[in-house]
Amino acid sequence: MKENRTVLVTGGLGYIGSHTAVEFINKGYNVVIVDNLGNSRIEVLDGIESITAVRPHFYKIDITQKEELDRVFKDHPEIDSVIHFAAWKAVGESVNKPLKYYDNNLNGMASVLEAMTNNNCHNLVFSSSCTVYGQPDVLPVTEAAPIKEALSPYGFTKQVCETMIKDVVKSKDDLKTIALRYFNPIGAHESALIGELPLGVPDNLIPFVTQTAYGIREQLSVFGDDYNTEDGTAVRDYIHVTDLAKAHVAAIERLIDNKNNDTFEVFNVGTGKGNSVLEVVNTFEQVTGEKLNYKIVDRRAGDIEKVWADTAFAEKNLGWKAELTLADALKSAWEWEKYIRAED
Ligand code: UD1
């Protein structure tokens, strides 16, 4: 019975955190959210409530403040699992402000592990990234691929956090952990009541696409068409955020049911399919009927050429696989863009 289970979601008002909170509530879990609102909005709580008819417990705290995080566990001794999202995530910013990333992402991870240990909480799912593979030598990339030198401080924090978890697990008998390595999460909840809301000019492709279609940005720059790919533009594995959210439920249930083979496991969370930037542009135009103003410009520094996931390990062991398509994801991202602009 999962109904009486309580899961703590750090960064639960962020993009992936909010969609994950919804999936857990839909499965009957109690959800406690902590978020410092550093890159999210309090209104997201209303969105979660409108979708699920449940308002999760919410604490506006910074997880690096150890006493405050500890207080949440003391208030909710029933918390038996944690999903840790709370971290800065902008690759470019991390290059310019590395200490902001090391300070928050690494101290946040340490604080979460310490609070769990002090409060007898045994199950952790960590939000990692395919960025740990860099440009893989073999595609699709499996979980056994080597960790490459990080291309950014952001990427390095994901590698270090995985190592921190591994080290803490070795020193404890009763901690079970899973790192989910996300490929490129996109899209929004089917209700269009929650979605991705970047502050300022978006770095990521899909928000830039939807904002350009809406007229907020004049033109989308496609970064490079001279890659060694079919149409010359870079290839990524775009995964619908709802599928991604469901992978967290599968991961927590694997830990709760003691089905894990190791106390630190890693799973790729992608679709197994690569799409080029131009395929994304064309699919967006097809599913929305909107024309996108774009032009090809130089490559973006630090971008890799191509990556997509080998999903066999997750399918077999997590019993999870992506079900929604690129078209579904782009359509939902467009519905969300229209909804949020109408709200403003
Ligand atoms: C990056 C990170 C990833 C992180 C993700 C979300 C790396 C290697 N990857 O992924 O870990 O989870 O951000 O924050 O650190 N593009 C354009 N025009 C644009 C924007 C993007 O052509 O205006 C192209 C990019 O060159 C790339 C693709 O679209 O080929 C996807 O870019 P983006 O959405 O920024 O994600 P990644 O860089 O793949």
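**Note on the sheet and helix packing**

1. In this predicted model, helix H5 (residues 98-118) lies across strand S1 (6-10), strand S4 (79-84) and strand S5. The helix runs at about 170° to S5. Since angles over 145 degrees count as roughly antiparallel, H5 is roughly antiparallel to S5.

2. The strands crossed by H5 belong to an open sheet of seven strands. The order is S3-S2-S1-S4-S5-S6-S11, with parallel pairing. Strand S3 (57-60) and strand S11 (264-269) are the edge strands; each has a single partner strand, so one side of each has no neighbour in the sheet. From one strand to the next, the twist averages 20°.

3. Within this sheet, S5 (residues 123-129) and S6 (residues 176-182) run parallel and are joined by seven bridges. One of the residues involved is Val125 of S5, whose bridge partner in S6 is Ile178.

4. H5 also packs against helix H3 (residues 66-75), at an angle of about 40° and with the axes 10 Å apart. The two helices are therefore oblique to each other, and their crossing is right-handed. On the H3 side the contact is made by Lys66, Leu69, Asp70 and Phe73; on the H5 side, by Ser111, Val112, Glu114, Ala115, Met116 and Asn118. By class, five residues of this contact are nonpolar, two are polar and three are charged.

5. A second helix pair is formed by H1 (residues 15-26) and H8 (residues 241-256), which pack at an angle of about 60° with their axes 8 Å apart. H1 and H8 are therefore oblique to each other, and H1 passes H8 in a right-handed crossing. H1 contributes Tyr15, Ile16, His19, Thr20, Glu23 and Phe24 to the contact. H8 contributes Val241, Thr242, Leu244, Ala245, Lys246, His248, Val249 and Ile252. The residues of this contact divide into eight nonpolar, four polar and two charged.

6. Strand S8 (residues 220-223) pairs in the parallel sense with strand S13 (residues 294-297), over four bridges. Val222 of S8 has Ile296 of S13 as its bridge partner.

7. The side chains of S8 alternate along the strand. Leu220 and Val222 point to one face and are buried, whereas Ser221 and Phe223 point to the other face and are not buried. Val222 is thus placed twice in this note: on the buried face of S8 and in the bridge to Ile296.

Notes. Residues are numbered from 1 along each chain as its sequence is written. This is a predicted model: local features need pLDDT of at least 70, side-chain atom pairs count only at pLDDT 80 or more; totals for chains, interfaces and linings use all residues. Side-chain values use heavy atoms; hydrogens and water are left out. Two strands pair if DSSP finds at least two bridges between them. Axes are lines fitted to C-alpha atoms, for helices over the stretch in contact, and angles run from 0 to 180 degrees between N-to-C directions. Contact means heavy atoms within 4.5 Å. Angles under 35 degrees count as roughly parallel, over 145 as roughly antiparallel, 65 to 115 as roughly perpendicular and the rest as oblique. A crossing is left-handed if the near helix is turned anticlockwise from the far one by less than a right angle, and right-handed if clockwise. Ala, Val, Leu, Ile, Met, Phe, Trp, Tyr, Cys and Pro count as nonpolar, Asp, Glu, Lys and Arg as charged, and the others, Gly among them, as polar. Buried means under 20% relative accessible area, exposed over 50%, partly exposed in between (1.4 Å probe, protein chains only).
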